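Grab a coffee and work through these exercises with the model open. Each task comes with a solution that goes step by step.

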Amino acid sequence: YGGVSNTGWIANYTDIDTVTYDTENSNIVDGITMKTEGEGSSAVTKCFFPVTVMGNQPFQGSNTQLVVGDYGNRFTHNITIAILDNGPKLSNEVLDNLANGRFVMALENDFRDANNTNRYSIYGLAKGLKATNISRDLYENEAAWIVELAEEGNPKSETFVDPTIMSNLI
């Protein structure tokens with residue numbers, strides 16, 4: 001069966017310093033280093049932040065599509081987030097930033113193989129996820145904000161993160 005956990009993790013694309021891939025399978029990330037801001041005892045390392053989507057089908061509408069090109073094929077990754085909140089703080093600190101930033105997002109898959117290598121999928125590492133839609137209908141979807149993020153032109157169909165690496169980032 002498919003689907004993902006109710007909690008995903010998001011980071012600013014520019015907060016990622018380095019990414020390394022498994023030498024035998026380049027669709028597996030075996031290292032991510034986050035940037036550090038400040039110096040000495042006041043230094044703060046950037047991190048991934050949790051995003052929890054309530055409901056029986058969290059991140060519903062998220063998908064991957066092949067895009068056929070003239071000189072090579074690529075993939076578009078779409079992540080849909082429903083935000084069941086509204087107010088000035090949300091608008092200022094979340095929605096306005098989502099509208100204008102680039103992001104990387106990790107989701108925890110419900111179906112896992114025997115070795116747990118597909119536990120976490122990560123999107124946006126190639127070019128960053130960007131907002132393609134942020135909308136709210138006061139009479140639909142329990143008046144939730146629906147945020148759609150997309151990364152176009154990724155050469156990989158799916159990228160997975162080693163679970164031990166992911167546990168260090170969240």
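**Exercise 1. Find out whether Phe59 is buried or exposed, then look at its backbone.**

Step 1: Phe59 has a relative accessible area of 4%. Buried means under 20% relative accessible area, exposed over 50%, and partly exposed in between (1.4 Å probe, protein chains only). Phe59 is therefore buried.

Step 2: Now place Phe59 in the chain: the loop between β6 (49-52) and β7 (63-67) holds it. Strands here are DSSP runs of E with at least two residues, helices are runs of H or I with at least four, and both are numbered from the N terminus.

Step 3: Check phi. Phe59 is not a glycine, yet its phi is positive, at about 60°.

A word on ground rules: this is a predicted model, where local features need pLDDT of at least 70 and side-chain atom pairs count only at pLDDT 80 or more, while totals for chains, interfaces and linings use all residues. Residues are numbered from 1 along each chain as its sequence is written, and side-chain values use heavy atoms, with hydrogens and water left out.

**Exercise 2. Do the same for Asn116.**

Step 1: Asn116 also has a positive phi without being a glycine, and the value is near 65°.

Step 2: Asn116 sits in the loop between β9 (103-109) and β10.

Step 3: With a relative accessible area of 26%, Asn116 comes out as partly exposed.

**Exercise 3. Describe the surroundings of Asn78 and Asn86.**

Step 1: Start with Asn78, which is part of strand β8. Its relative accessible area is 17%, so Asn78 is buried.

Step 2: List what Asn78 meets, with contact meaning heavy atoms within 4.5 Å. Skipping neighbours within four places in sequence, you should get Ser62, Asn63, Gln65, Leu149 and Ala150.

Step 3: Move to Asn86, in the loop between β8 (74-83) and α1 (88-100). Asn86 has 43% relative accessibility and counts as partly exposed.

Step 4: Not counting residues up to four places away in sequence, Asn86 touches Arg136 and Trp145. Val19 is another story: 67 residues separate it from Asn86 along the chain, and their C-alpha atoms are 35 Å apart.

**Exercise 4. Hunt for aromatic pairs and say what they link.**

Step 1: Rings of Phe, Tyr and Trp (its six-membered ring) pair if their centres lie within 6.5 Å; planes under 30 degrees apart are stacked, over 60 edge-to-face, and the rest tilted. Searching the whole structure turns up one pair.

Step 2: The partners are Trp9 and Tyr120, with 5.9 Å centre to centre and 70° between the planes, which is edge-to-face.

Step 3: Trp9 belongs to strand β1 (residues 4-12) and Tyr120 to strand β10 (residues 120-123), so the pair ties together parts that are 111 residues apart in sequence. Both residues, Trp9 and Tyr120, are buried.

**Exercise 5. Zoom out and describe the whole chain.**

Step 1: Count the elements: the protein chain has two helices and 13 strands.

Step 2: The radius of gyration, taken over C-alpha atoms, is compared with the globule rule, 2.2 Å times the number of residues to the power 0.38. The protein chain comes out at 16 Å, close to the 15 Å that the rule gives for 170 residues, so it is as compact as a globular protein of that length.

Step 3: Look inside: buried residues make up 35% of the 170 residues.

Conventions
Contact = heavy atoms within 4.5 Å.
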